[in-house]
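Subject: A structure for you to explore

Hello,

Here is the structure I promised to pass on, together with some notes on what turned up in it. Have it open while you read, and look up each residue as you go.

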Amino acid sequence: MSGRRRLARWGALGPAELIPQARLSGPMPWVIAIMIALTVIAAAAGLALRNAAHTAKAELSGGITVQIVEPAAESRARQAEAAARRLAALPGVSGVRIVPPEELDRLVSPWLGPEASDADAVPVPALIDARVGGAVTPARLAELRRGLRDVAPSARVDAQSSWLAPVFGAIGSLQWLAVALIALLGVATSAAVLLAARTALGSNRETIEIVHLLGGTDAQIARIFQRSIGLDAAVGGATGLALGAAAILLLARQLAGLGAGLATGGSLGWLDWLVLALVPVAGVGVAMLTARLTVIRALRKML
C-alpha cells in the first residue's frame with residue numbers, strides 16, 4: 001500500500017484498522033494455551049498438597065500411639081490391657097483403643113510377608129491409639145510415659161504427628177517446587193509474548209513510521225498491539241484452562257481409587273477451583289503488560 005493511500009486510510013479508519021491484526025494466525029495462542037495448562041496443573045498440585053497436609057495434621061492433632069515393645073506375647077497383651085485402662089483413667093485422654101492383632105497383621109504384612117501373622121516368628125508390638133486434649137507437647141508425652149511406667153514398663157508413647165513429620169517436610173518442599181514452576185512458566189509466557197510483539201513490530205515497521213508522521217502517539221500504537229495480544233492470550237488462556245482442568249479431573253479420578261489417606265485429603269474445593277480459574281486471567285494480564293512495555297520501549301528506539 002502506498003503512503004498516499006495510507007494517509008487516506010488514517011483519516012477514515014484510524015490506527016486500529018491501519019495496522020493489521022492477524023489473531024490466531026500464528027502460534028501465540030497455542031503457546032499461551034500450553035503455558036496456562038501447565039500453570040493450572042502446577043497450581044492444582046500445590047493446592048492439593050496443601051489440602052492434604054492440612055487434613056492430615058487435623059486428623060493427627062492430639063493423637064498419640066502407645067507401643068508395647070515386648071517379645072513375650074502374653075506379657076505384651078497383659079501390658080497393653082493395663083496401659084489402656086490407665087490411659088482411660090488419666091484426665092484429658094479419650095478415645096483409647098487397642099488396635100486388634102488382625103488389623104496389625106494387615107498393616108505390616110506388605111513389609112514382613114506371611115510371617116507377620118506368626119507372633120513367635122515376628123513379635124509385632126501391641127498398639128494403642130488415643131487422643132489427648134490440647135497440644136501434644138514433649139512435656140505431655142513425658143507425663144504420659146511416667147503414668148504408664150508402673151503398669152507397662154515396655155510402653156513407648158509417641159505423637160502421631162511426629163511419624164509424618166518427614167512427609168510434611170517433603171510436602172512443603174513440593175509446594176515450593178510448584179511455586180517455582182509457576183514462576184518459571186510466567187517468565188516463559190512473558191518471553192514468548194515479548195518475541196511475538198517484537199516480530200509484529202518488525203513486520204509493521206513501515207506502517208508504524210507513517211502513523212508516527214501522521215501524529216499517532218506511542219501509547220495509541222502500543223494499545224493496538226496490546227489489544228491484539230490480549231485477545232490471543234484470552235483464547236489461549238481459555239483453551240489452556242480447559243486442558244489443565246481435564247488433566248486434573250482425570251488424575252483425581254485415578255487417585256480416588258486409592259480410597260483413603262493423603263490422596264483423599266488432597267481433593268480440591270470450590271475455592272481452589274476459583275483460584276485455578278484466575279490463572280488464565282492473570283496470564284492475560286501478564287501478556288498485555290508485557291506487550292505494552294515491549295512495544296513502547298521499541299517505539300522509543302525507532303524515533
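Thr290 is buried, because its relative accessible area is 14% and the cut-off for buried is under 20%. Please keep in mind that this is a predicted model. You will find Thr290 in helix α12. What does Thr290 touch, once its neighbours within four places in sequence are left aside? Its contacts are Ser190, Val193 and Leu194.

One of those contacts leads us straight to the next topic. Val193 belongs to the largest nonpolar core, which has 26 residues, and together with Leu276 and Val295 it touches the most other members. Four elements give two or more residues to this core: α3 (28-60), α8 (165-203), α10 (218-256) and α12 (270-302). Helix α12 provides the largest share, with 8 residues. Try clicking on Val295: apart from neighbours within four places in sequence, it is in contact with Ala197, Leu201, Ala222 and Phe225. There is also a second, separate core of 19 residues, and its members include Ile64, Val66, Ala126 and Ala130. As background, in soluble globular proteins nonpolar side chains tend to be buried together.

Now have a look at a part of helix α12 that faces outward. Trp270 is found in this helix, and it counts as exposed because its relative accessibility is 67%, where exposed means over 50%. With Leu271, Leu274, Leu278 and Val281, Trp270 makes a nonpolar surface patch of about 570 Å².

Next, the strands. Strand β3 (residues 126-132) is mostly covered, with 5 of its 7 residues buried. Which strands are joined to β3? Strand β1 (residues 63-68) runs antiparallel to β3 and is joined to it by 6 bridges, while strand β2 (residues 93-98) is also antiparallel to β3 and is joined by 4 bridges. Ile128 is a handy residue to find here: it is the bridge partner of Val66, and it stands opposite Ile98.

Finally, the salt bridges. How many are there? The count comes to 3, and here is each of them:

- Arg50 and Asp272 meet through their side chains at 3.0 Å, N to O. Arg50 is in helix α3 and Asp272 in helix α12, so this pair links distant parts of the chain, 222 residues apart. Asp272 is buried, with a relative accessible area of 7%, whereas Arg50 counts as partly exposed at 32% relative accessibility.
- Asp150 pairs with Arg86, and their closest N and O atoms are 3.1 Å apart. Asp150 sits in the loop between α6 (138-148) and β4 (155-159), and Arg86 in helix α4 (residues 73-89), 64 residues apart. With a relative accessible area of 58%, Asp150 is exposed, while Arg86 counts as partly exposed at 26%.
- Asp129 and Arg97 meet through their side chains at 3.6 Å, N to O. Asp129 lies in strand β3 and Arg97 in strand β2, so the pair ties together parts that are 32 residues apart in sequence. Both residues are partly exposed, Asp129 at 22% relative accessibility and Arg97 with a relative accessible area of 36%.

Happy exploring, and do write back with any questions!

Best wishes

Conventions
Residues numbered from 1 in each chain as written. Predicted model: local features only at pLDDT ≥ 70, side-chain atom pairs only at ≥ 80, totals over all residues. Heavy atoms only, no water. Buried < 20%, exposed > 50% of the residue type's maximum accessible area, 1.4 Å probe, protein only. Pairing = 2+ DSSP bridges. Core = buried A, V, L, I, M, F, W, Y, C linked by side-chain atoms within 4.5 Å. Contact = heavy atoms within 4.5 Å. Patch = residues over 30% accessible without salt bridge, like charges linked within 9 Å, V, L, I, M, F, W, Y side chains within 5 Å. Areas by Shrake-Rupley, 256 points an atom, 1.4 Å probe, with all protein chains shown as cover. Salt bridge = Lys/Arg side-chain N within 4 Å of Asp/Glu carboxyl O.
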